[in-house]
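Biologist: Hi! I'm new to this one, could you walk me through it?
Modeller: Happy to, let's pull it up.

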Amino acid sequence: MRRPFRQVDVFTQAPYLGNPLAVVLGADGLNASEMQRFANWTNLSETTFVVEPDSALADYQVRIFTPSQELPFAGHPTIGTCHAWLEAGGSPRTPGTVIQQCGAGLVTVAADDQGLRFAAPPVVRSGPVDEQLAERVAGILRIGRDEIVDLQWADNGPGWIAVLLTSADAVLAVTPGPTDLDIGIAGPYPAGAPAAIEVRTFLPKNGTTDEDPVTGSFNASLAQWLLATGRAEAPYVARQGTVLGRAGEVRITVDEDGHVWAGGNAITCVFATVEL
């Protein structure tokens with residue numbers, strides 16, 4: 001059966017400088033094995049499948065797959081899927097606000113003059129990392145334990161450990177070894193720079209390490225931590241993907257109720273149909 005397909009570049013102002021996402025629209029009728037097989041074939045960090053929602057409150061439901069597993073939530077798939085759904089004629093119940101159903105529950109996505117933004121979901125695990133694990137993280141990053149300013153769990157579906165380094169330059173200099181943990185690192189730019197922080201994220205892949213170009217989920221949980229501890233002030237822009245030749249930008253804002261939002265631009269680069 002032919003189904004509408006988009007390949008969307010997320011968290012970028014220009015095509016091919018962000019994080020690509022494969023989106024299959026009208027994916028009802030596909031089972032998890034079929035979705036996983038297609039996601040493995042695209043070989044992108046994530047592939048999403050849009051189906052009818054189970055919740056009466058949701059505008060659509062999305063299932064999110066890496067090449068090897070299904071995720072309950074991820075940030076760049078949230079922005080990219082919503083962009084593709086709206087572009088294909090999706091009409092939210094509430095103008096300007098989309099309610100996405102995913103494995104983590106209902107996620108609110110709002111449109112603004114700079115693109116789309118999602119409300120950061122609550123973390124399912126937070127708090128300090130024990131010292132034995134901290135030493136292990138330093139070893140994976142191939143840096144001294146004393147080079148880590150602070151670190152803590154920042155798990156909002158993907159099981160991130162957030163690591164704060166002294167500077168953006170320190171972040172860019174990291175050359176990690178193989179990892180079996182989901183690790184995100186961040187460091188501040190000097191005052192007055194176009195971005196507030198530089199971010200990188202590392203994930204396990206076939207016994208080695210894969211670096212994600214731009215990661216919405218980690219930026220969301222990182223922002224919740226940095227803002228709560230006074231290490232950052234909203235609004236701010238996080239840069240990511242520099243080492244990979246990308247120019248990713250994630251905009252962090254806080255609304256009047258204190259909720260953290262992560263947003264960015266999305267651009268469709270491929271319009272097609274797929275046989276699934």
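Modeller: One term before we start: a residue is called buried when its relative accessible area is under 20%. Also, keep in mind that this is a predicted model.

Biologist: Thanks! With that cut-off, how many residues of helix 5 are buried?
Modeller: Ten of its 13 residues are buried, so helix 5 is largely enclosed by the rest of the structure.

Biologist: Which ones are they?
Modeller: Among them are Phe218, Leu222, Trp225 and Leu226, along with Gly216 and Asn219.

Biologist: Where does helix 5 sit in the sequence, and what does it reach from end to end?
Modeller: Helix 5 covers residues 216–228 and reaches 18 Å from its first C-alpha to its last, close to the 18 Å expected. Just after helix 5 comes Gly230, with a positive phi of about 75°.

Biologist: Zooming out, how many helices and strands are there?
Modeller: The protein has five helices and 18 strands.

Biologist: And what percentage of the whole protein is buried?
Modeller: Of its 276 residues, 52% count as buried.

Biologist: What does the radius of gyration say?
Modeller: The protein has 18 Å, and a compact globule with 276 residues would be near 19 Å, so the two agree. The C-alpha atoms fill a box of roughly 55 × 45 × 30 Å along the principal axes.

Biologist: Changing topic, how many positive and negative side chains are there?
Modeller: There are 17 positive and 31 negative side chains, and the centres of the two sets lie 6 Å apart.

Biologist: Last one: what about the accessible surface?
Modeller: The accessible surface comes to about 12,000 Å², and 50% of that belongs to carbon and sulfur atoms.

Technical notes
Residues are numbered from 1 along each chain as its sequence is written. This is a predicted model: local features need pLDDT of at least 70, side-chain atom pairs count only at pLDDT 80 or more; totals for chains, interfaces and linings use all residues. Side-chain values use heavy atoms; hydrogens and water are left out. Helices (H or I, at least four residues) and strands (E, at least two) are DSSP runs, numbered from the N terminus. The radius of gyration is taken over C-alpha atoms; the globule rule is 2.2 Å times the number of residues to the power 0.38. Buried means under 20% relative accessible area, exposed over 50%, partly exposed in between (1.4 Å probe, protein chains only). Accessible areas come from the Shrake-Rupley method with a 1.4 Å probe; for residues, only the protein chains shown count as cover. Lys and Arg count as positive and Asp and Glu as negative; His and the chain ends are not counted. The place of a charge is taken as NZ of Lys, CZ of Arg, CG of Asp or CD of Glu. The expected span of a helix is 1.5 Å times one less than its number of residues.
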